[in-house]
Amino acid sequence: MFLYSVIEMYQKLQEDLECIEELYRGFLINMLQKNNLLKLSILVPVFNEIRYLETLTKKLKESFKTENVEYIFIDDGSTDGSKEWLKRYVDKLPKENNILISFSKNKGKGKALHAGLKICKGDYILFQDSDLE
């Protein structure tokens with residue numbers, strides 16, 4: 001009987017600790033978000049999408065203007081001027097939060113995203129196609 005009570009008390013203590021951990025984790029994340037300390041990395045693979053780039057970049061900046069965001073554009077060997085457009089765009093912005101990776105030839109979306117994942121520093125990561133899909 002005594003052993004059963006100890007086991008019950010232990011299980012209840014475990015449940016209480018899990019509840020406290022969950023509340024603390026929620027509180028901590030909320031405080032970090034309110035103080036803009038959590039960073040979001042947005043990875044944008046691009047291949048011959050020059051017609052969408054201006055709209056895409058405007059929408060991204062509007063949507064995340066109050067967030068701590070790192071933008072990583074990965075040009076996957078574009079031949080339509082996308083790489084040059086992105087270079088001009090990124091060169092106007094702070095380097096620490098706006099990065100351009102360029103491939104000389106098309107390697108595919110998976111390789112592009114992998115290259116961005118290797119260097120991103122965000123606590124959260126968002127993948128955004130350059131055609132707004």
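In the predicted model, four salt bridges are counted. Side chains of opposite charge can pair when their charged atoms come close. One of these bridges joins the side chains of K58 and E54, with an N to O distance of 3.3 Å. Both residues belong to helix α2 and are four residues apart, a separation of about one helical turn. An α-helix has 3.6 residues a turn, so residues three or four places apart point the same way. K58 is partly exposed, at 46% relative accessibility, and E54 is likewise partly exposed, at 45%.

A second bridge involves the side chains of K109 and D129, with N and O 2.8 Å apart. This pair links distant parts of the chain, since K109 lies in helix α4 (residues 109-119), whereas D129 lies in the segment after β4 (124-127), and 20 residues separate the two. K109 is partly exposed, with a relative accessibility of 45%; for D129 the value is 25%, which also counts as partly exposed. Elsewhere, K87, D91 and K95 are joined into one network by salt bridges that share partners. Within this network, the side chains of K95 and D91 meet at 3.5 Å, N to O. K95 is exposed, its relative accessible area being 51%, and D91 is partly exposed at 41%.

Helix α2 (residues 50-63) also contains T57. In contrast to the partly exposed K58, T57 is buried, with a relative accessible area of 4%. A polar atom of the T57 side chain lies 3.1 Å from the backbone oxygen of E54. E54 therefore appears in two interactions: its side chain forms the salt bridge with K58, and its backbone oxygen lies 3.1 Å from the T57 side chain. When residues up to four places away in sequence are not counted, T57 touches F73, W85 and Y89.

The strands of the model form an open sheet of four, in the order β3-β2-β1-β4, with parallel pairing. β3 and β4 are the edge strands, each pairing on one side only. From one strand to the next, the twist averages 20°. Strands of a sheet pair through backbone hydrogen bonds, either parallel or antiparallel. Strands β2 and β3 run parallel and are joined by six bridges; D75 stands opposite S102 in β3. Helix α3 (residues 82-91) packs on the sheet, where it touches β1, β2 and β3, and its direction makes about 155° with that of β3. Helix α4 also packs on the sheet, touching β1, β2, β3 and β4, with its direction at about 140° to that of β3.

The accessibility of residues along α4 was examined next. A112, L113, A115 and G116 are buried in this helix. Viewed down the axis of α4, its buried residues fall within an arc of 155°, so they line one face of the helix. These buried residues pack against β1 (39-46), β2 (68-76), β3 (98-103) and β4. On the other side of α4, G110, K111 and K118 are exposed.

Note on methods: Residues numbered from 1 in each chain as written. Predicted model: local features only at pLDDT ≥ 70, side-chain atom pairs only at ≥ 80, totals over all residues. Heavy atoms only, no water. Buried < 20%, exposed > 50% of the residue type's maximum accessible area, 1.4 Å probe, protein only. Polar contact = N/O pair within 3.5 Å; in protein donor to acceptor, adjacent residues only side chain to side chain. Contact = heavy atoms within 4.5 Å. Arc of directions from axis to C-beta. Pairing = 2+ DSSP bridges. Axes fitted to C-alpha atoms, helices over the stretch in contact; angles between N-to-C directions.
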